[in-house]
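Please open the model in your viewer and keep the selection tool at hand. The tour below goes from one stop to the next, saying at each what to select and what is there.

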Amino acid sequence: MKKQITDQLITEDHQYVAQAGRVNTLDLVVDHGDGAQIWDVDGNQYVDLLASAASVNVGHNNSEVQKAIQEQSQNLIHYISGYFYNEPAIKLAKRLSELAPGNTPKKVSFSTSGSEAAEAIVKFARAYTKRPYIITFSNSWHGTTMGAASLSAIDPNMHRNIGPLVGDVIHIPYPDSIHNYDDAEGTQSFEFLQELVKHDIPADQIAAVIIEPIQGDAGIIKAPIEYMNKLYQFCHTNGILFCTDEINQGFGRSGKMWSLDHFNLEPDIMAVGKALGSGMPLSAVIGKAPIMDSLQAPANATTTAANPICCAAALATIDYVESHNLPERSGELGEYVKAIIEPWRSEFESIIDIRMVGLNGGIELNSDELAHKVSQYVFEHGVIMITTMGNILRFQPPLVISKDDLTQALNTVHDAFTNLK
Ligand SMILES: Cc1ncc(COP(=O)(O)O)c(C=O)c1O
C-alpha cells in the first residue's frame, strides 16, 4: 500500500498538532469520500465502517447536502445569529422541534459541537429547576469542553490535569446487563439511584438526569426498557428533567430516528449534533418550550452558532434521511449484518459479545491487543473499523452503504479473525 504522502503529512502533524485532540491511531490522512467509500492522500481506497464517528449517516459528499452548502455559500457564509436572524436556522429550528419525540411544543438552541449542546442541557436544566445537581452515567461520552467533560465518565484522560471540573455532577452506574454490572432489567442500577437520593443527594436538589438511551462510545449498550421507564417515572415524580443525548445515536443510526424512540418516551431536553449537519459544525438542544425559555440571552449565544451553511446542510440532511427512509434502512441492514456476524461467536472464541441495533454495533473481544490488531489488519486491507473501550470493534457505517460494500467489508473482518486467531 502506497503511503508516501501520508507519512510526510503525519510527521508534520505530530510536529504541529497537539495530541490531546487525537483519539485513535490508524495512519490515515483522509482526502475525499463518496457514499461509504473514502480515499487517502496516496489514493488508497477504503470502505468506511465509522462514518466519521456516526456523523455522515447520509454518506460522504452526499450530493443533496453538497448542493445545499454550495447554494447557501453563494448567498451568505455567516452572520452572527445572536444579533440577526437567518432563514435556514429558523426553518431548521421548526423542523427539529417537530421531529423530536413527543407532542409537547418545543424550542431549539444552536451551538457548533456536540459538547456544547450537552453542556447546554446543564444550563437550561439548572435555570429552569433552580436546582444544582446533574446525574449522568458510567461510560458516558458527552464531550470534552469543560462542562461536557464533567458530564462524561468514559476516559480518565478527559479529566486528568484539567480540574476542578464543573461541580455537582454525579455519575451513577449505567444499566449495563452485558457486563454483568446488572440484571436484564437494570434493577441494581436503579437501586443505586434510589440509595443515592435516600442517603446522599436529595431528589429535590437534582435538576436533570442526562442519559444516552443507547451508549455509543461505550460500545453500543442499550438500556433496558424497564429501567428507562422507571427512570422516566422517577424524574417526573421528583420534578427532575429527563434529558437525552442523541448526538451519537440520532438521525436513524439505531434503526429509528432517535434512540429514545426504542422506548416511546418524550425527553424534556435532548441534545443533537454529529449527523445533524452531516459533520458540519452544528449542534442543538431541543427542549420543551417553557424550559428553553428559562435562560436569558446571551446565556447560550456563540458567534458561529446556527451558521446558515451548516443549517442548510442540516435541512438537506434531514430531507435525505426522511425521503430515503434511512432509519428503516438502518434497521434492515443491521439485521442483515447480524445474520452474517452472529455465527462468528462460535467460530472465534476471542469474540465475547456481538451487539447490533440498526447499522450500529459493537464486536467485543477478550483482549485490547487483538481488537487493535483486527482494526489494523482490516485497515491494511481497505476497511476502516476502529476500536472503542480498548477491546470493542466499533461498527457505524454510513447508512447509505450498499449491501456489496457491507458484505465485502465483513469478509475482510472475518479474514482478520481467521488470520489473527
Ligand atoms: C453521545 C455523545 N455526546 C456528545 C459527544 C460530543 O460531541 P462533539 O465531539 O461534537 O463535541 C459525542 C461525541 O462523540 C457523543 O458520542
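Begin with Lys106, which counts as buried, since its relative accessibility is 9%, and keep in mind throughout that this is a predicted model. Add Glu266 to the selection, and you will see the two side chains meet in a salt bridge, at 2.7 Å from N to O. This pair links distant parts of the chain, for Lys106 belongs to strand 4 while Glu266 sits in the loop between strand 10 and strand 11 (269-272), 160 residues apart. Glu266 is buried as well, with a relative accessible area of 14%.

From Lys106, widen the view to the sheet. Seven strands form an open sheet, which can be followed in the order 4-12-11-10-7-5-6, and the pairing in it is mixed. Strand 4 (106-111) and strand 6 (169-172) stand at the edges, and because each has a single partner strand, one side of each is left without a neighbour in the sheet. If you turn the view, note that neighbouring strands of this sheet are turned by 20° against each other on average, direction ignored.

Now go to the other edge and select strand 5 (residues 133-137) together with strand 6; the two pair in the parallel sense over four bridges. Within this pair, Ile134 stands opposite Val169 in strand 6. Next, select helix 7 (residues 187-199), which lies across strand 5, strand 6 and strand 7 (206-211) and runs at about 145° to strand 6. Helix 8 (residues 225-237) also packs on the sheet, where it touches strand 5, strand 6, strand 7, strand 10 (241-245) and strand 12 (283-288), and its direction makes about 135° with that of strand 10.

The following stop is Arg95, whose place is in helix 4. With 21% relative accessibility, Arg95 counts as partly exposed. Show its surroundings, and you will find that Arg95 touches Leu315, Ile318, Asp319 and Glu322, when residues up to four places away in sequence are not counted. Then draw a distance from Arg95 to Val108: these residues are 13 apart in sequence, and their C-alpha atoms are 9.8 Å apart in space.

Move on to the surface by selecting Leu76, Tyr79, Tyr83 and Phe84, which make a nonpolar surface patch of about 460 Å². Leu76 lies in the loop between helix 3 (63-75) and helix 4 (87-99), and Leu76 is partly exposed, with a relative accessible area of 33%.

The last stops return to charged side chains. Side chains of opposite charge can pair when their charged atoms come close, and a search of the whole structure finds 16 salt bridges. Select Arg22 and Asp13, which form one of them, with the closest N and O atoms 2.7 Å apart. Which of the words buried and partly exposed fits Arg22? At 45% relative accessibility, Arg22 counts as partly exposed, whereas Asp13 is buried, with a relative accessible area of 18%.

Finally, select Glu364 and Arg355, whose side chains meet in a salt bridge at 2.8 Å, N to O. Both Glu364 and Arg355 are buried. Extend the selection to Glu342, Arg345 and Asp353, and the tour ends at one network, in which salt bridges that share partners join Glu342, Arg345, Asp353, Arg355 and Glu364.

Definitions and conventions. Residues are numbered from 1 along each chain as its sequence is written. This is a predicted model: local features need pLDDT of at least 70, side-chain atom pairs count only at pLDDT 80 or more; totals for chains, interfaces and linings use all residues. Side-chain values use heavy atoms; hydrogens and water are left out. Two strands pair if DSSP finds at least two bridges between them. Axes are lines fitted to C-alpha atoms, for helices over the stretch in contact, and angles run from 0 to 180 degrees between N-to-C directions. Contact means heavy atoms within 4.5 Å. Patches are made of residues with over 30% relative accessible area and no salt bridge: like charges are joined within 9 Å, nonpolar side chains (Val, Leu, Ile, Met, Phe, Trp, Tyr) within 5 Å. Accessible areas come from the Shrake-Rupley method with a 1.4 Å probe; for residues, only the protein chains shown count as cover. A salt bridge is a side-chain nitrogen of Lys or Arg within 4 Å of a carboxyl oxygen of Asp or Glu. Buried means under 20% relative accessible area, exposed over 50%, partly exposed in between (1.4 Å probe, protein chains only).
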